[in-house]
Amino acid sequence: MKGIILAGGSGTRLYPLTTVTSKQLLPVYDKPMIYYPLSVLMMAGIRDVLVISTPKDLPNFERLLGDGSQYGISLSYKVQPSPDGLAQAFLLGEEFISGDSCALVLGDNIFYGNGLSKQLERASHIERGATVFGYYVDDPERYGVVEFDDNKKVVSIEEKPAHPASNYAVTGLYFYDNRVVDFAKQVRPSARGELEITDLNKMYLADGSLNVVTLGRGYAWLDTGTMDSLYEAGEFVRTVERAQGLPISVLEEIAFENGWITREKLLEAAHAYGKSNYGKHLQQVAENRVISKPND
């Protein structure tokens, strides 16, 4: 399975912070925002990742992340000339996807929870259909909203409804089978001129192959697209890390635990980060002082 991070958009809701840099490069507590969605793809076992962003911002992502070899993955990059909807990612990434299944994660979304890795691994092994994640929110009219019947079976998805059928929003993480590019080519611009991801999901729903996994208690989903949500995300990460005494979304640690990089590579990264808490944590992982994947 391939992975795409969509890190486009102008980020105008975060002006003046984003007048000179992409919002996905802003810090969320102790790491650049893009580390969090990249860590999600890596936890799902995905090693081939395409970053899509604007012509102005893409070189900054390349400078930050390189070719991905330090994380045991392969990173490539693609320009999004204009932000024409989330489903556009699959058209831009057609050559990269090359007939494979594909996961898409939005560059300003953060996911956290005990057992998340297993959910991601399960979704990444789909052979037919799509898997999306539903999350209870207080303001569903801002999102694509899932409607369930009495048996908790999905019956509809509606984009930004005036009268939401439920409080379950579709999060910015999507797993699709190898039909996704063909389906994306059938999506037509909406009234606001965008290729809506909801329309793509509706195709899988009509096909009878859309799976909606609801993330309940113990999970957190944060969309950091506004000033308040960006601040709250930083506070959330800070609280979690201080409570458990360990950082989250550490890319080199995930790579090491997945067997993608050696202990020597991990130590090199630790030394490169110097006396920062991030570097100290990698040193502890390399010295077996941290058990990243406890026994169940």
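Helices are DSSP runs of H or I of at least four residues, numbered from the N terminus. This convention fixes where α10 ends, and the exercises below apply it to a predicted model.

**Exercise 1. Overall form**

Determine whether the radius of gyration of the protein agrees or disagrees with that of a compact globule.

Solution.
- Step 1. The protein has 296 residues, and for this length a compact globule would have a radius of gyration near 19 Å.
- Step 2. The protein has 19 Å, which agrees.
- Step 3. Along the principal axes, the C-alpha atoms fill a box of roughly 50 × 45 × 40 Å.
- Step 4. The secondary structure within this form amounts to 11 helices and 13 strands.

**Exercise 2. Burial, contacts and surface**

State what percentage of the residues is buried, and describe the contacts and the surface.

Solution.
- Step 1. A residue counts as buried under 20% relative accessible area; by this criterion, 52% of the 296 residues are buried.
- Step 2. Consider the contacts between residues at least 6 apart in sequence: 73% of them join residues at least 24 apart.
- Step 3. The accessible surface is about 14,100 Å², and carbon and sulfur atoms account for 48% of this area.
- Step 4. There are 29 positive and 38 negative charges, and their mean positions lie 3 Å apart.

**Exercise 3. The two sides of α10**

Identify the buried and the exposed residues of α10, and explain how the buried ones are arranged around the axis.

Solution.
- Step 1. Helix α10 spans residues 263-272, and its buried residues are Leu266, Ala269 and Ala270.
- Step 2. These residues cover an arc of only 100° around the axis, and therefore lie on the same side of α10.
- Step 3. Glu264, Glu268, His271 and Ala272 are exposed on the other side of α10.
- Step 4. The cover over the buried residues of α10 includes α9 (251-257) and α11 (277-286).
- Step 5. After α10 comes glycine 274, with a positive phi near 65°.

**Exercise 4. The buried face of α11**

Establish why the buried residues of α11 line one face of the helix, and name the elements against which they pack.

Solution.
- Step 1. The buried residues of α11 are Tyr278, Gly279, His281, Leu282, Val285 and Ala286.
- Step 2. Viewed down the axis of α11, these residues fall within an arc of 160°, so they line one face of the helix.
- Step 3. Their packing partners are β3 (31-32), α1 (35-43), α9 and α10.
- Step 4. Asparagine 288 follows α11, and its phi is positive, near 60°.

Definitions and conventions: Residues are numbered from 1 along each chain as its sequence is written. This is a predicted model: local features need pLDDT of at least 70, side-chain atom pairs count only at pLDDT 80 or more; totals for chains, interfaces and linings use all residues. Side-chain values use heavy atoms; hydrogens and water are left out. Helices (H or I, at least four residues) and strands (E, at least two) are DSSP runs, numbered from the N terminus. The radius of gyration is taken over C-alpha atoms; the globule rule is 2.2 Å times the number of residues to the power 0.38. Buried means under 20% relative accessible area, exposed over 50%, partly exposed in between (1.4 Å probe, protein chains only). Contact means heavy atoms within 4.5 Å. Accessible areas come from the Shrake-Rupley method with a 1.4 Å probe; for residues, only the protein chains shown count as cover. Lys and Arg count as positive and Asp and Glu as negative; His and the chain ends are not counted. The place of a charge is taken as NZ of Lys, CZ of Arg, CG of Asp or CD of Glu. The arc is that of the directions from the helix axis to the C-beta atoms.
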